[in-house]
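Work through the exercises below with the sequence and the model in view. Each task is followed by a solution in steps.

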Amino acid sequence: MSNEEKEQKFQEQIDSNGHIEPKDFMPEGYRNNLIRQISQHAHSEVIGMQPEANWITRAPSLRSKQILLAKIQDEGGHGLYLYSAAETLGISREEMIEQLHAGKAKYSNIFNYPTLNWADIGAIGWLVDGAAIVNQVSLQRTSFGPYSRAMVRICKEESFHQRQGYEIMAKMMAGTKDQQAMAQDAMNRWWWPALMMFGPHDTDSPHSKDAMKWRIKRETNDELRQKFIDKTIPQAELIGLTVPDADLKLDKKTGRYAYGKINWEEFHRVIKGDGPCNKQRISHHIKTHEKGEWVREAAQAYKQKKVKKEQVLTA
Ligand code: BYC
């Protein structure tokens, strides 16, 4: 088959909602777009453990500590599924980590903001995992098989994360005046960065056109952001939180909310490395990665020993 015929067959497979598997033919642009997106997704899961881990020792009860520990462990697991999915495209985990440490690979804007108090843990679960799940439910139908299957597993855990965050916010809103003020303050600080998680508007999103044609993305950045807004505002109102956007307006006919202007200058500054916590997040990752070298070496040595033993037994 000529390259053109292969590309046509590839696109037909995608258009008929089929999956592309690692050993199938794929255009280089498809492979590179996926490596970029999946590795950045994996880095987000792992870097996202840091702002939450900050509160494990200060969780207000044994129950909340157990829940937070389980959630953070889940995030680490999500990162591992995703690194494995990216590795099937021909990049190694070491290369992906190097790109992260060198500032060549991005991770979600949202994890460059600090967690100042317990209400922030509620806001992350409710808003950040809430935004992530809207995006990830859509990605369950992505065209690349290993990414799609990883998303199915991840979504099951993500909905529990969203609920634990909402529970924290609901409890605080049913508490003292000080607790209510803390919850509202967390809402004020996390709302806009959560909307930015969906990426630039469709008209300013360079990767969207190819990603939609190849069904890597099934819905656009703006479509997903709108879904998140429409589903989250009633949840905020139910527990008495005010959404910090004076321009919010419900269109009663469609059930959709018009919303105010997003500060894209802030978004671009943060994803280029100049957010409140970028340096701290990367230097912590580098330090922990270096400290963990003996674990990787031991795992490799164990694997080699096992392979040798199997070779002796089957000789
Ligand atoms: N943050 O052309 P565009 C979680 C970049 S973690 C930073 O629209 P695309 C959790 C983009 O990379 C879940 N950068 O790109 C974990 C591109 O730059 P490059 C995280 C962003 O890829 C722990 C440029 O802007 N979820 O749930 O078509 C605790 C142009 O953008 C962002 C995912 O990662 C951003 N928000 O669309 C708690 C979802 N947005 O690469 C919770 C998977 C854009 O050219 N990813 N950029 O240098 C996606 O769905 C897509 O990659 C995006 C962006 C919708 C994010």
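**Exercise 1. Place the ligand and describe its surroundings.**

Solution. Start with the space: the ligand takes up the largest pocket. A pocket here is an open set of points on a 1 Å grid over the protein atoms alone, where a 1.4 Å probe fits, with protein on both sides within 12 Å along at least five of seven lines. Next, find the elements: those that give two or more residues to the shell around the ligand are helix 2 (28–47), helix 4 (62–87), helix 6 (118–139), helix 7 (145–173) and helix 11 (264–274). Helices are DSSP runs (H or I, at least four residues), numbered from the N terminus.

Before going on, note that this is a predicted model, in which local features need pLDDT of at least 70 and side-chain atom pairs pLDDT 80 or more, while totals for chains, interfaces and linings use all residues. Residues are numbered from 1 along each chain as its sequence is written, and side-chain values use heavy atoms, without hydrogens and water.

**Exercise 2. Which residues come nearest to the ligand, and how does the shell divide?**

Solution. There are 35 residues around the ligand, and Lys106, Asn109, Ser205, His207 and Lys217 come nearest. A residue counts as near if one of its heavy atoms lies within 4 Å. Sorted by type, the shell has 13 nonpolar, 13 polar and nine charged residues. Asp, Glu, Lys and Arg count as charged; Ala, Val, Leu, Ile, Met, Phe, Trp, Tyr, Cys and Pro as nonpolar; the others, Gly among them, as polar.

**Exercise 3. List polar contacts of the ligand.**

Solution. Look for pairs of N or O atoms within 3.5 Å.

- The side chain of Lys106 has an N or O atom 2.5 Å from a ligand oxygen.
- For the side chain of Gln40, the distance to a ligand oxygen is 2.9 Å.
- Pro206 uses a backbone N or O atom, 3.3 Å from an oxygen of the ligand.

Then turn to area: the ligand alone exposes 1100 Å², of which the protein buries 90%. These areas come from the Shrake-Rupley method with a 1.4 Å probe.

**Exercise 4. Is His78 buried or exposed?**

Solution. First, locate His78 in helix 4. Its relative accessibility is 0%, so His78 is buried; the cut-offs are under 20% for buried, over 50% for exposed, and partly exposed in between (1.4 Å probe, protein chains only). Last, compare positions: His78 and Ala150 are 72 residues apart along the chain, with 7.9 Å between their C-alpha atoms.

Conventions: Polar contact = N/O pair within 3.5 Å; in protein donor to acceptor, adjacent residues only side chain to side chain. 1 Å grid on protein atoms, 1.4 Å probe; cavity = no way out; pocket = protein on both sides within 12 Å on 5 of 7 lines; lining within 4 Å. Sits in = over half its atoms within 2 Å of the grid points.
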